Amino acid sequence: QAMQYIREGEPFDILIADVTMPGMTGEELASEAQRSRPGVPVLLVSGFVQSHHLQTWPSNGWAFLAKPLDLNGLDGGIRRAIAR
């Protein structure tokens, strides 16, 4: 559904996506979002991520937040994504 919004040009201020999703990864969704809307902030979330991802995502301008989420952590993750 998020990919449909991106392709249809629906407005949004930030992309928050789980790393593991049915049908595609959060990385694929983030890449497509940034192709369509350069500069859109991206926050990826996951309960399990391999360390090599954490090294490459910042170079893409993506922020990461580990699950479980709480409001303070989510707020900080959103702020990091926007700052990138």
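Where is the place of G77? G77 sits in helix 4. This is a predicted model, and G77 is a useful way into it. At 0% relative accessibility, G77 counts as buried. From its C-alpha to that of L44 is 8.9 Å in space, although G77 and L44 are 33 residues apart in sequence. To place these two residues, start with the overall layout.

The protein chain has four helices and three strands. Along the sequence they follow the pattern α-β-α-β-α-β-α. The protein chain has 84 residues, and 33% of them count as buried.

Now take the strands. Strand 1 and strand 2 pair in the parallel sense, over four bridges. In this pairing I16 stands opposite L43 of strand 2. Strand 2 also runs parallel to strand 3, which spans residues 62–66, and five bridges join these two. Here V42 stands opposite W62 of strand 3. Helix 2 enters the picture too. Together, strand 1, helix 2 and strand 2 make a right-handed β-α-β unit.

How many of the residues of strand 2 are buried? Five of the five are, so strand 2 is largely enclosed by the rest of the structure. Its two faces tell the story in detail. V42, L44 and S46 lie on one side, L43 and V45 lie on the other, and all are buried. Both faces of the strand are therefore covered, as expected for a strand that is largely enclosed.

The nonpolar cores come next. The largest one has twelve residues: M3, I6, L15, A17, V19, L29, A30, A33, V40, V42, L44 and W62. Four elements give two or more residues to this core: helix 1 (2–8), strand 1 (15–18), helix 2 (26–36) and strand 2 (42–46). Helix 2 gives the most, with three residues. There is also a second, separate core of five residues, and L43, V45, A63 and A81 are among them. Compare this with the faces of strand 2. V42 and L44, from one side of the strand, belong to the largest core. L43 and V45, from the other side, belong to the second core.

Turn to the charged residues. A search of the whole structure finds three salt bridges. One of them joins K67 and D18, with the closest N and O atoms 2.3 Å apart. K67 lies in the loop between strand 3 and helix 4 (71–83), while D18 lies in strand 1, so the pair ties together parts that are 49 residues apart in sequence. K67 counts as partly exposed, at 37% relative accessibility. K67 has another feature. A cis peptide bond joins K67 and P68, with omega at about 0 degrees. P68 lies in the loop between strand 3 and helix 4.

Another salt bridge is found within helix 2. R35 pairs with E32, and their closest N and O atoms are 3.1 Å apart. The two residues are three apart in helix 2, about one turn of the helix. Is each partner buried or exposed? R35 counts as exposed, at 59% relative accessibility. E32 is buried, with a relative accessible area of 18%.

Helix 4 holds a salt bridge as well. D75 pairs with R79, with 3.0 Å between the closest N and O atoms. Because they are four residues apart in helix 4, about one helical turn separates D75 and R79. D75 is partly exposed, with a relative accessible area of 37%. R79 counts as exposed, at 56% relative accessibility.

One charged residue needs its own look. R37 lies in the loop between helix 2 and strand 2. R37 is buried yet has no salt bridge. Which side chain of opposite charge is nearest to R37? That is E10, 7.2 Å away. A salt bridge needs the nitrogen and the carboxyl oxygen within 4 Å. What the side chain of R37 does reach is the backbone oxygen of G9, at 3.2 Å.

Technical notes
Residues are numbered from 1 along each chain as its sequence is written. This is a predicted model: local features need pLDDT of at least 70, side-chain atom pairs count only at pLDDT 80 or more; totals for chains, interfaces and linings use all residues. Side-chain values use heavy atoms; hydrogens and water are left out. A nonpolar core is a set of buried Ala, Val, Leu, Ile, Met, Phe, Trp, Tyr and Cys residues joined through side-chain atoms within 4.5 Å. Buried means under 20% relative accessible area, exposed over 50%, partly exposed in between (1.4 Å probe, protein chains only). Two strands pair if DSSP finds at least two bridges between them. A crossover is right-handed if, with the strands pointing away from the viewer, the path from the first strand over the helix to the second runs clockwise. Lys and Arg count as positive and Asp and Glu as negative; His and the chain ends are not counted. A polar contact is a pair of N or O atoms within 3.5 Å; within protein, one must be able to donate a hydrogen and the other to accept it, and residues adjacent in sequence count only if both atoms are side-chain atoms.
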